[in-house]
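Here are a few exercises to work through with the model open beside you. Try each task before reading its solution.

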Amino acid sequence: MAFWAYMLHCRGGAYYVGHTDDLDRRVAQHQAGLIAGFTSDRLPVTLVWSQAFPTRLEALAAERQIKGWSRAKKGALIRGDWQRIAALARKPDVTGTGRTDLV
C-alpha cells in the first residue's frame with residue numbers, strides 16, 4: 001500500500017499540504033468541501049504536487065517538512081526545480097559578502 005504526501009493550490013493562492021493513503025479520494029473530498037477547515041474555506045482547490053511513500057510515517061514526515069517551507073520553495077517543488085530548492089535551502093547571506101558559509 002502506498003501513502004501520499006500532496007500539495008493543493010487553493011483559492012487566493014494559498015497552498016495546503018497533507019498526506020493520505022488514498023490520494024484520489026482525499027483530493028475529491030477537498031474539492032467537494034467535505035474536509036472542514038483550511039481548504040473548505042478556500043475552494044476551489046487543485047492538486048499541484050504529490051509523491052508516493054512506502055509508509056505513512058514517511059509521508060507524514062514529508063508533509064511536515066514541506067509545511068515549513070517558504071512559498072518560493074514550495075513553488076520550486078511543484079515545478080520540480082531541484083536546483084532552486086537546494087539554493088533556497090542554503091543559509092541566507094546576512095553578511096552582505098555573497099558568502100553563505102560565514103553564517
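**Exercise 1. An aromatic cluster**

Is Phe38 buried, partly exposed or exposed, judged by its relative accessibility? Then work out how Phe38 fits in with the aromatic rings around Tyr16.

*Solution.* Keep in mind that this is a predicted model.

Step 1. Phe38 has a relative accessibility of 34%, so it counts as partly exposed. The cut-offs to apply are under 20% for buried and over 50% for exposed.

Step 2. Look for ring partners; the structure holds two aromatic pairs. In one of them, the ring centres of Tyr6 and Tyr16 are 6.3 Å apart and the planes meet at 45°, so this pair is tilted. Tyr6 belongs to strand E1 and Tyr16 to strand E2, so the pair ties together parts 10 residues apart in sequence.

Step 3. Compare exposure. Tyr6 is buried, at a relative accessible area of 0%, while Tyr16 is partly exposed at 22%.

Step 4. Turn to Tyr16 and Phe38: with centres 6.1 Å apart and planes at 25°, the pair is stacked, because planes under 30 degrees apart count as such. Phe38 sits in the loop between H1 and E3, and Tyr16 in strand E2, so here the parts tied together are 22 residues apart.

Step 5. Put the pairs together: Tyr6, Tyr16 and Phe38 form one aromatic cluster.

**Exercise 2. A salt-bridge network**

Find which residues are linked with Asp21 in a network of salt bridges.

*Solution.* Step 1. Start at Asp21, whose side chain meets that of Arg25 in a salt bridge (3.5 Å, N to O).

Step 2. Asp21 also meets Arg56 in a salt bridge, again given as 3.5 Å, N to O. This pair links distant parts of the chain, 35 residues apart: Arg56 is in helix H2 and Asp21 in the loop between E2 and H1.

Step 3. From Arg25, go on to Asp22; their side chains form a salt bridge too (3.5 Å, N to O).

Step 4. The network therefore holds Asp21, Asp22, Arg25 and Arg56. As for exposure, Asp21 is partly exposed at 28%, Asp22 at 32%, Arg25 at 37% and Arg56 at 38%.

**Exercise 3. The buried face of a helix**

Which residues of helix H1 (residues 23-31) are buried, and how are they arranged around its axis?

*Solution.* Step 1. The buried residues in H1 are Leu23, Val27 and His30.

Step 2. Viewed down the axis, they fall within an arc of 60°, so they line one face of the helix. A general rule helps here: an α-helix has 3.6 residues a turn, so residues three or four places apart point the same way.

Step 3. Their cover includes strands E1 (3-10), E2 (15-20) and E3 (45-53).

**Exercise 4. Cores and a buried lysine**

Identify which members of the largest nonpolar core touch the most other members, then examine Lys73.

*Solution.* Step 1. Among the 14 residues of that core, the answer is Met7, Trp49, Ile66 and Leu77. Two or more residues each come from E1, E2, E3, helix H2 (56-67) and H3.

Step 2. A second, separate core has six residues, including Tyr6, Cys10, Val27 and Val45.

Step 3. Lys73 lies in helix H3 (residues 71-79). Lys73 is buried but has no salt bridge, and the nearest side chain of opposite charge, Asp81, is 12 Å away.

Step 4. Leaving aside residues up to four places away in sequence, Lys73 touches Ile85, Leu88 and Ala89.

Terms used. Residues are numbered from 1 along each chain as its sequence is written. This is a predicted model: local features need pLDDT of at least 70, side-chain atom pairs count only at pLDDT 80 or more; totals for chains, interfaces and linings use all residues. Side-chain values use heavy atoms; hydrogens and water are left out. Helices (H or I, at least four residues) and strands (E, at least two) are DSSP runs, numbered from the N terminus. Buried means under 20% relative accessible area, exposed over 50%, partly exposed in between (1.4 Å probe, protein chains only). Lys and Arg count as positive and Asp and Glu as negative; His and the chain ends are not counted. A salt bridge is a side-chain nitrogen of Lys or Arg within 4 Å of a carboxyl oxygen of Asp or Glu. Contact means heavy atoms within 4.5 Å. The arc is that of the directions from the helix axis to the C-beta atoms. A nonpolar core is a set of buried Ala, Val, Leu, Ile, Met, Phe, Trp, Tyr and Cys residues joined through side-chain atoms within 4.5 Å. Rings of Phe, Tyr and Trp (its six-membered ring) pair if their centres lie within 6.5 Å; planes under 30 degrees apart count as stacked, over 60 as edge-to-face and the rest as tilted.
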